[in-house]
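Got your viewer open? Grab the model and follow along, one selection at a time.

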Amino acid sequence: MNDRSNLDLDAPATPYLDSNELIINMGPQHPATHGVLRVILKLDGEKVLGTECVIGYLHRGVEKIGENRTYTMFNPYVDRMDYVAAVSNGLGYCEAVEKLMNVEAPARAKYIRVVLTELNRIASHQLWLGTHALDIGAMTPLFYTFRDREEILKIFERYCGARLTTHAFRIGGCQYETYAGFEKDVKNFLSFVAPKIDEYEALLTTNRIWLERTKNVGVISGADCIALGVTGPVLRASGVQWDLRKAQPYAAYSEFDFEIPIGTNGDTYDRYLVRMAEMRQSLRIIEQAVNGIPEGPIMAKVPKVIKPPVGEIYHSIEAPKGELGYFIVSDGSTQPYRLRVRPPSFVNLQALDRMVRGLLVADVIAVIGTIDIVLGEVDR
Amino acid sequence: MADEVKSPAPPPPEGEKKPAVEERAAAAASAPAKPTAPAKPAGPVPVPWTSPLVEKYRSQYGSGLDAQTYLGQNYLTVERSLIPNILRLLRDEEQFDYCVDITAVHYPNREKQFDMIWNLYSFARNERVRVKTQIADGASIPSSVSIWPTANWLEREVYDMFGIQFDGHPDLKRILLPDGWKGHPLRKDYGILQQDQEWVQINLGIESGQ
């Protein structure tokens, strides 16, 4: 607390009734910070002059845990980072270890992975939309999105027994074969949710309050995004058409036809539009994938004890929040020598300061929501 | 499972890690026709990475730079003194405009204990490259915040977890752990259990349950 240099907290103490600058704490226990994020705001009246994020309240030492567990044992831990997109985390980790071992999951496993991961992307965006709209004052979308997200969680539950921290994939493929009626459930969900997304849009896209609260709020340019390492929908809303599913395809994404929606202004409203469009693209991907799940095994031939050769690998996927990467160094033993997670939320949160300077306090809430962070992943 | 118990993690690899791999590769290459009977086939090995980029910097910096490819991923191993130049050139001349990640690996038995790793990506080329260097414990490394602003938090995390100092960082302090934390957890010599016992004894006044 004594060296917050960029906030100038060491400025001489001012007498009471100071009319100039005010430093207040937002969080860590604040409903609109989506977890335990503490933001120190430096204010002039209600205008934000600067912010500093204090994070780490949820730090569990995931990387250290990884060094002390076998590759198989660590698999469920990754679900607990971005817990609203656990399937994506698992996909990234399993693919990274597979790459390190130089094995490839069978085609059937890849398709099942794509179906579940894209369902998870929709669930993650739905949760984001509900909470983000709630922060800004629109309460109804929360009920709509949670109602519809339930259908996705039901499919997860039927597939692997868990709803949130699914641990759906294994190194080398999938542990579970699809249950009888899986395809039908997914197809029913597709026809169920497509009109629901229109419903969300009917509530918000032309809603005057929504427009006032999101248009030209938290603007960030594409160049700034790249300099700050921001990825995911935030980068795309700033006009950079970059998605790892297209740029460096993994799993079976190269076989599907879909588009990368982008925005133009890089404001909160564009990020909303991009995520809505992404949900529709995910539906397209799921439809192609679920109709084309090939027959065959769901596990590649991997030894029971995972012992990758000496070496290192970086593998990243397009998680709902941006580039999620795993950097693994193997020393040839059953445990990773070093396991680094490159979390999208952590890196994207760094852009908060750039996005909120000059805005009002209420806009900080909107911007935290629009970056779409999950503190479990920020702090790991 | 029983096998896992029997084979605890071997000591961390040291300098000899790479030569061993290369030897295996050389052995495999010299006798391709004679199938020996190893339990498992030799894994992929690092091969030299040749590209215009590498040629250019090799002619400029000579032996201070080594380029290899492992499993299709390129990395440059450079001397510590070349780091600021190489990183800046990679961004300015080679369009590696996105710094994906900065991290470190600790090898406690090595003279230069730390591997620093910069993971870069170029939007224009759709290519990744990793830049690696070795530094000793207590040595510092120039900060790359002026090259990529995203390095700010990433370097703070490396400092927090490994205790590596970054020269010229605008605000180098812990990021995930509290300010008063002792030690740097991702070092291999960091005692997890001691830390836990101490904390429990001081704060709860009981013996640790671990």
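Here's a walk through chain B, its sheet and its contact with chain A.

Before you click: this is a predicted model, where local features need pLDDT of at least 70, side-chain atom pairs count only at pLDDT 80 or more, and totals for chains, interfaces and linings use all residues. Residues are numbered from 1 along each chain as its sequence is written, while chains are lettered from A and ligands numbered from 1 in the order in which they are written.

**Stop 1: all of chain B.** Colour by secondary structure and you'll find six helices and eight strands; these are DSSP runs, with helices being H or I of at least four residues and strands E of at least two, numbered from the N terminus. Going from the N terminus, the order is α-α-β-α-β-β-α-β-β-β-β-α-β-α. Of the 210 residues in chain B, 30% are buried (20 or more other C-beta atoms within 10 Å of the residue's own, with C-beta atoms placed from the backbone; exposed is 12 or fewer, partly exposed in between).

**Stop 2: the sheet.** Select the six strands of the open sheet in chain B, ordered β1-β2-β3-β6-β5-β4 with mixed pairing; strands pair if DSSP finds at least two bridges between them. Its edges are β1 (47-48) and β4 (98-106) of chain B, each pairing on one side only. Now show helix α4 (83-92) of chain B, which packs on the sheet and touches β3 (73-78), β5 (114-122) and β6 (127-135) of chain B. Its direction makes about 170 degrees with that of β6(B) (axes are lines fitted to C-alpha atoms, for helices over the stretch in contact, and angles run from 0 to 180 degrees between N-to-C directions).

**Stop 3: β5(B).** Seven of its nine residues are buried, so β5(B) is largely enclosed by the rest of the structure. On one side, β4(B) and β5(B) pair antiparallel over eight bridges; label B:H106 and its bridge partner B:F114. β5(B) also pairs antiparallel with β6(B), over nine bridges, and there B:M116 stands opposite B:T133. Four residues separate β5(B) and β6(B) in their hairpin, and B:N126 in the turn has a positive phi of about 50 degrees.

**Stop 4: where the chains meet.** How many residues does each chain bring to the contact? Chain B gives 37 and chain A gives 42, with contact meaning C-beta atoms, placed from the backbone, within 7 Å. The largest share of the chain B side, six residues, comes from β4(B).

Conventions
Two residues are in contact if their C-beta atoms, placed from the backbone, lie within 7 Å.
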